[in-house]
Amino acid sequence: LSSSQNQCPDGSIVPEEQARIEIWGSCWNRYYELQVEYFMSRSARKVLEILNKNFLWMRTLGTTPTLETDHLQRYPDAVADIALHVHNAVKIDSSLDPTPQGGPPTTSTNNNNNNNAT
């Protein structure tokens, strides 16, 4: 086998068939590059330039904020903060509950009032 037969779609050479299949799937040797061209009118290009310059909307579409380092570092603190809020809300709710341990209210009744017939 020549090295071109073991060349993967990304240009790397992987001699082992099983490794190529694990990376690219069973049709690894059928991938090919398509040439893509975009046409844009002058006015559309100008609008796109303004949007990209002023609003950075393309960067927003192309990023995953939940995978950024800053977000990953702040995530445990955010979860701890939410847990504290939930804990405090439960604590306040249980202190406002007039029933012991959330059960039905207890009332003291005097059954001797019905037996006073003499």
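## Leu34, Arg20 and their surroundings in a predicted four-helix chain

Leu34 counts as exposed, because its relative accessibility is 60%. This residue is found in the loop between helix 1 and helix 2, the latter spanning residues 42-55. Like everything described here, the placement of Leu34 comes from a predicted model. Leu34 also belongs to a nonpolar patch on the surface, formed together with Tyr32, Val36 and Tyr38. The accessible area of these residues together is about 580 Å².

A look at the whole chain helps to set the scene. The secondary structure comes to 4 helices and 0 strands, and the elements follow one another as α-α-α-α from the N terminus on. Of the 118 residues in the protein chain, 5% are buried. The accessible surface of the chain comes to about 11,100 Å², and carbon and sulfur atoms contribute 55% of that area. Among contacts with a separation of 6 or more, 0% are between residues 24 or more positions apart.

Against this background, Arg20 makes a good place to pause. Arg20 is found in helix 1, and its relative accessible area of 2% is under the 20% cut-off, so Arg20 counts as buried. Which side chain meets that of Arg20 in a salt bridge? The partner is Glu17, with a distance of 2.5 Å from N to O. Side chains of opposite charge can pair when their charged atoms come close. The two residues are separated by about one helical turn, because they lie 3 residues apart in helix 1. Unlike buried Arg20, Glu17 is partly exposed, with a relative accessible area of 40%. The count of salt bridges comes to 1.

Arg20 has a further polar partner in Asn6, as the side chains of Arg20 and Asn6 make a polar contact at 3.1 Å. Asn6 is found in the segment before helix 1, the helix that covers residues 17-24. Is Asn6 buried or exposed? Asn6 counts as buried, because its relative accessibility is 8%. Leaving out residues up to four places away in sequence, Arg20 touches Asn6, Cys8, Val14, Pro15, Gly25 and Trp28.

Trp28, one of the residues that Arg20 touches, lies in the loop between helix 1 and helix 2. With a relative accessible area of 6%, Trp28 is buried. Which residues is Trp28 in contact with, leaving aside its neighbours within four places in sequence? They are Gln5, Asn6, Gln7, Pro9, Glu17, Arg20 and Ile21. Asn6, Glu17 and Arg20 are thus among the contacts of Trp28, and the side chain of Arg20 makes polar contacts with those of Asn6 and Glu17. Between Trp28 and Glu17, which are 11 residues apart along the chain, the C-alpha atoms are separated by 9.7 Å.

The cysteines complete the picture. Cys8, another residue touched by Arg20, is buried, with a relative accessible area of 4%. Cys27, by contrast, is partly exposed, and its relative accessible area is 39%. How many disulfides does a search of the whole structure find? The search finds 0 disulfides.

Note on methods: Residues numbered from 1 in each chain as written. Predicted model: local features only at pLDDT ≥ 70, side-chain atom pairs only at ≥ 80, totals over all residues. Heavy atoms only, no water. Buried < 20%, exposed > 50% of the residue type's maximum accessible area, 1.4 Å probe, protein only. Disulfide = S-S within 2.5 Å. Contact = heavy atoms within 4.5 Å. Areas by Shrake-Rupley, 256 points an atom, 1.4 Å probe, with all protein chains shown as cover. Patch = residues over 30% accessible without salt bridge, like charges linked within 9 Å, V, L, I, M, F, W, Y side chains within 5 Å. Salt bridge = Lys/Arg side-chain N within 4 Å of Asp/Glu carboxyl O. Polar contact = N/O pair within 3.5 Å; in protein donor to acceptor, adjacent residues only side chain to side chain.
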